[in-house]
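Student: I have a structure to go through and I want the reasoning behind each label. Can we take the terms one by one?

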Amino acid sequence: MKYLHLIWAALFRRKTRTILTLVSILTAFLLFGMLDGVRTSFANVGKSAAGAKRLQTGSKLSFIETLPQSLQARIAQVPGVKDVAYANWFGGAYQDPHNQVFSFAVSPNYIDQYPEVSVTPAERKAFDATRTGVLVGDTLAKKYHWKVGDKLPLQSNIFPNRDGSKNWSFDIAGIIRATKPDDKQFLQGVVLMHWKYFDESNPYNRGQVGWYVTSVADASQSDRVARAIDALSANSDHETKTMTEQAAMASWMKQMGNISFIVVSIMGAVFFTLLLLTGNTMAQAVRERTSELAVLKTIGFSSQAVLGLVLAESVLLVLLGGVIGLGLAAMLGPIMSAGSGGMLNMPPVGAGSWAIGVGLMVAIGLLVGVLPALRAMRLNIVDALAGR
Amino acid sequence: MKTFLRGLTLAIVVLLSIVAWTVLPWPVLLVMAVLFFLWTRFTRIGRQAGSATGVGISTLPQRVGSSSVVVVGIAGVVAVLVSLLAMGVGYRETLSKSGSADTAIVMRGGSASEVSSVLDHASVTAIAEAPGIARDAAGKPIASPELVVAANLPLKDGSGDDGSVQVRGVGDEAWTLRPDVKIVAGRKFKPGLRELVAGKGAQRQFAGLEPGHEIKLGSQTWTVVGIFDSGNALGSELWGDADIIASAYRRGSSRTSVFVRLTDARAFDAFKAALAGDPRLQVDVDTTLHYFSKQSEGFTKVISIIGMIVGGIMGIGAIFGALNTMFAAVAARAREIATLRAIGFRGPPVVVAVMLETMLLAALGGLLGGLIAWALFNGYSASTLAQGTVGSLNFELRVTPALLWTGLKWALAIGFIGGLFPAVRAARLPVTTALRES
C-alpha cells in the first residue's frame with residue numbers, strides 16, 4: 001500500500017495513453033454490466049421462493065388446449081393443496097389490434113396465489129362486486145394513463161363477445177401493485193378480468209379454463225402434489241401436465257433461445273480484444289520506463305518488488321476502468337428503462353455481476369501484466385541503464 | 001480559443017463524414033474512391049500523400065504488435081455486429097420465404113395468428129368458391145383449408161424438457177399449393193391414419209422425429225412416416241391429415257385458416273374484395289408474403305437494435321484502442337514525419353498518409369471480423385419461439401454479402417475516427433522540436 005503513489009505516478013506518466021486505455025476498458029465493462037444483467041435476469045426468471053410453491057397445470061397435449069373447469073374442485077381435494085385458481089388466455093389488444101396486452105380471465109381467488117403483488121382491500125371489494133370489473137397492473141396503468149373508474153375497451157383477437165364483435169368493455173376496479181416497493185413482478189403488466197363474465201359472454205369457451213395455478217402448503221411436497229394432480233385426469237381425454245412455476249418458466253425461457261450462449265460469446269469477443277489492447281499498453285509502458293525501473297532496482301528495490309509494482313499497475317488500470325464502467329452500467333440501466341417508458345426493461349447490475357466483474361478485472365489485470373512484469377523483473381541494471 | 005475552434009471543426013468534420021458515410025449509397029462512395037485515387041496520381045499534393053503513405057505502410061511490419069491491436073479490436077466489433085445481424089437476416093428470410101405474392105391466407109377477422117382463428121365448415125366452403133383462385137388439372141380450386149394446433153414434444157438436447165411444436169392439419173391441396181415442400185425421407189402421411197410428416201427444422205429441434213418412429217401427442221400415439229424440407233418456416237412444423245388432427249384436438253369440422261393459390265398476384269385485390277363483400281363471411285385476407293414478413297418484423301427490429309447497441313459500445317472501445325495505437329505510431333515516427341515536413345511536404349499529405357494507414361488496418365480488421373462471423377455462424381441453426389406461431393421456429397443464421405459490407409463500413413468508420421486525431425497531431429508537430437527529439 002505504501003507504494004500506491006508510486007504506482008499511481010507510473011500509471012499516469014503518459015496521461016493520453018492511460019486515459020484512452022481506460023476508456024476502452026470502461027466500455028468493455030459497461031457492456032459486461034448490461035449483458036450480464038440480461039443474462040442473470042433471464043436465468044432467474046421464476047426462481048423465487050413463491051415460484052417453487054406454485055404449480056401450473058396445463059393440458060398435456062399442448063399449451064393451447066383447454067381443461068374443464070370442473071377439475072378445480074377435484075384438485076382442491078388433493079392432500080397438500082392450499083388453494084387452487086384458474087385462468088384463461090384472453091388475447092386482448094388495446095386501441096390497435098396489434099398492440100397486445102397480457103390479459104387473463106381469472107377465478108376470483110387467482111390474485112391471492114401471488115403474495116408478491118397486492119390490491120388495496122377497497123379496490124379488491126370493488127373488483128369482486130363488479131361483473132365487468134378488471135384489475136390492471138400499475139406498469140400498464142402508468143403506460144396508458146388508466147385510472148380506477150375508467151372504462152377499458154379491449155379487443156380480443158381470439159374470443160368474440162356475445163354480439164359477435166371482438167370489442168369488449170371493462171371497468172377498471174383496481175390497480176395491482178408489487179407488495180415490496182421496487183420489486184418488478186410480471187403481474188404488474190397484466191389485465192385480469194372475471195372468468196365468469198368471460199365465460200358467459202362468449203359462445204366459444206363453454207366452461208373451459210386454460211390453466212390452473214395451485215398453491216401448495218409446503219414446497220418440498222410440490223413434486224408429489226404435481227403427480228397427484230396429473231393422476232386425476234390420467235387416461236381421460238384431457239390429460240394434464242403439472243410443473244412448478246419455476247420449471248415451467250425455465251422451459252419457456254429455454255425455448256425463447258439460448259440467451260446465455262449469445263451473451264457469453266459476445267463477452268468472449270469483447271474481453272479477448274480488451275486483453276490484447278491493455279496488454280499492448282502495458283508492454284509499451286514498461287518498455288518506455290526501462291531506465292526508470294533500472295534506477296528503482298539500483299536504489300534497492302528487489303526484483304520481486306519491481307514485479308509486484310508492474311503487476312499492481314496493470315491490475316489498478318483495469319480495476320479503475322472496470323469499476324467506472326460497471327458503475328456506469330448500474331447508473332444507465334434505470335435511466336434507459338425510464339426513458340423508454342416501459343418498452344425496455346434494463347435489469348439492474350446485481351451483486352453477482354459485480355463479483356464476477358471484479359474477478360474478471362483482477363484476472364485480466366494479472367494476465368496482461370504478467371509478461372511486462374516478468375520483463376521488468378529480469379532487467380539487468382547495467383544493460384538497462386546503458387540503454388542496451 | 002483557437003484550439004477550441006479547431007477541436008470543434010474536427011468534431012463537425014467527423015460527424016458530417018459519419019453521416020455521409022451511412023447515408024450515401026455505394027456507387028457514390030465508389031466514385032469518391034476513384035476521384036481520390038486520381039488525386040493521388042495526378043496532383044502534386046496527391047503524389048506527396050501517396051509517397052508518404054507508402055513510407056508509413058512500409059514500416060508497418062516493424063509495428064506488428066501495436067498495429068494488430070487496431071486490426072483485432074475492429075475485427076471483434078465487426079464479428080459481433082455481423083453475427084447478431086445475421087440472426088435477424090436469417091430469421092427474416094426464413095419467414096419471408098414462407099410466403100409468396102400469389103398465394104393468400106384467409107383467417108377469421110381480427111385474429112392475430114392462425115392458431116387464434118376459427119373458420120367453420122360453411123366459411124371454408126364459401127372461401128374456396130371465391131373468384132381469382134387458380135385451378136388444378138382436374139379443375140378444382142387450389143384452396144387448402146388447414147388446421148393449426150400445437151403439441152408438446154421432448155426436446156432433442158437430452159434435458160428431458162418438453163418444447164412446443166406447431167402441428168398443421170392439411171389435405172391434398174396443401175402439397176399442390178406449395179410445390180417447394182418436398183419429402184426428403186420416408187413418404188407422405190396417408191389420409192385417415194394417425195401419421196405425421198415432420199419438417200427438417202422440427203427434426204433438428206425435437207427428439208424422435210425419424211421415419212418409422214412413434215411419438216406421443218398427449219396420450220395418443222402417432223407414427224412419423226416421413227421428413228419434408230421446405231427451406232422456410234413450415235419446416236419447423238409437423239403435418240398430418242386435417243380430419244384426423246381435428247378429431248384428436250376436438251375441433252370438429254372447423255379449420256383455422258384457408259390458403260389459396262391465386263391465378264396471379266394481380267388477382268389478389270379482386271379476391272379480397274369478393275370475400276369482403278360476402279355477407280356470410282367475416283374474414284381477414286392477406287398475401288402470404290405480407291403475412292409472414294409481418295411476423296418477422298418485431299424480432300428483426302429487436303435483434304438489429306441489440307446489434308447496434310452492442311456494436312456501438314464495442315465500436316467506441318475500438319475507436320479508443322485505435323487512437324491509442326495511432327498516437328503511439330505517430331509519436332514513434334515523429335522524426336520521420338518532421339523530416340518529411342522539413343523537406344517540403346505540406347500538412348495535408350501527412351494527414352492523408354496517417355489516415356490511410358489507419359483505414360487500411362481497419363479494413364483488414366473488418367474483413368477479418370466478417371470472415372470470422374461467416375466461418376463460425378453462416379448456416380448455424382438457431383431456434384426461438386416465433387411471434388404468431390405456437391411452436392419453436394428453427395432458422396439458420398445468414399451472413400450475406402450485404403452484411404459483410406455493413407461490417408466493412410463500420411470498420412472503416414471506426415478507422416476514420418481513430419486515425420483523424422493522430423493524423424492532425426502528426427501534421428501539426430512543430431518541425432524543429434520533433435527533429436530534436438530523441
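Student: What makes the largest nonpolar core a core, and which residues touch the most other members?

Tutor: This is a predicted model, so the answer rests on computed positions. A core is called that because its members are buried nonpolar residues joined through C-beta atoms within 7 Å. The largest one has 140 residues, and Leu31(A), Ile74(B), Val82(B), Ala86(B) and Ile414(B) touch the most other members. Those five names come from chain A and chain B, so one core holds residues of both chains.

Student: Which element gives the largest share of this core?

Tutor: Helix α4 (residues 64-96) of chain B does, with 19 residues.

Student: How do you know what Ile414(B) touches?

Tutor: By the distance between C-beta atoms, since contact requires them to lie within 7 Å. Leaving out residues up to four places away in sequence, Ile414(B) touches Ile74(B), Val77(B), Gly315(B), Ala318(B), Ile319(B), Ala322(B) and Ala362(B).

Student: What lies apart from the largest core?

Tutor: Another core, of 50 residues. Among them are Leu55(A), Ala85(A), Ile158(A) and Met243(A).

Student: How do you know whether chain B is a compact globule?

Tutor: Set its radius of gyration against the rule. For 438 residues, a compact globule would have a value near 22 Å, but chain B has 30 Å. The conclusion is that chain B does not match the compact globule. The box tells its own part: the C-alpha atoms fill roughly 95 × 50 × 40 Å along the principal axes.

Student: And what does the rule give for chain A?

Tutor: Near 21 Å for 388 residues, but chain A has 30 Å. Chain A misses the globule value too. Its C-alpha box is roughly 95 × 45 × 35 Å.

Student: What makes a residue count as buried, and how many in each chain do?

Tutor: A residue is buried because 20 or more other C-beta atoms lie within 10 Å of its own. In chain B, 49% of the 438 residues pass. In chain A, 43% of the 388 residues pass.

Student: How many helices and strands does each chain have?

Tutor: Chain B has 14 helices and 12 strands. Chain A has 14 helices and 13 strands.

Student: Why are the buried residues of helix α11 (residues 290-298) of chain A said to be on the same side?

Tutor: The buried ones are Leu293(A), Ala294(A), Leu296(A) and Lys297(A). They cover an arc of only 155° around the axis, so they sit on the same side of α11(A). The general rule: an α-helix has 3.6 residues a turn, so residues three or four places apart point the same way. After α11(A) comes Gly300(A), with a positive phi near 115°.

Student: Where does the record place transmembrane regions in chain B?

Tutor: The unreviewed UniProt entry annotates residues 12-39, 69-91, 302-329, 350-377 and 402-421 of chain B as "transmembrane region". Now check two of these against the model. Residues 350-377 are 100% helix and 0% strand, with end C-alpha atoms 40 Å apart. Residues 12-39 are 93% helix and 0% strand, with ends 24 Å apart.

Student: What is the make-up of the stretch listed as "domain: MacB-like periplasmic core"?

Tutor: UniProt, again in an unreviewed entry, lists residues 69-275 of chain B for it. The model shows 30% helix and 29% strand over residues 69-275, and the end C-alpha atoms are 63 Å apart.

Student: Where are the domains of chain B, and what joins them?

Tutor: The assignment gives domain 1 (9-96 + 296-436) and domain 2 (110-281). Their centres are 48 Å apart. Their contact takes 11 residues from domain 1 and 17 residues from domain 2. On the domain 1 side, α4, β11 and β12 (392-396) of chain B give two or more residues each. β12(B) has the largest share of that side, 3 residues.

Student: And in chain A?

Tutor: Domain 1 (4-45 + 258-386) and domain 2 (61-238). Here 49 Å separate the centres.

Student: What makes up the contact of chain A and chain B?

Tutor: It takes 42 residues from chain B and 39 residues from chain A. On the chain B side, α4, β2 (143-154), β3 (162-170), α10 (288-332) and β11 (381-385) each supply at least two residues. α10(B) gives the largest share of that side, 11 residues.

Methods
Residues numbered from 1 in each chain as written. Chains lettered and ligands numbered in written order. Predicted model: local features only at pLDDT ≥ 70, side-chain atom pairs only at ≥ 80, totals over all residues. Domains from an automatic or database assignment. Buried ≥ 20, exposed ≤ 12 C-beta atoms within 10 Å, placed from the backbone. Helix = DSSP H or I, 4+ residues; strand = E, 2+ residues; numbered from the N terminus. Contact = placed C-beta atoms within 7 Å. Rg over C-alpha atoms; globule rule 2.2 N^0.38 Å. UniProt positions renumbered as here; feature names shortened; annotations may be inferred. Arc of directions from axis to C-beta.
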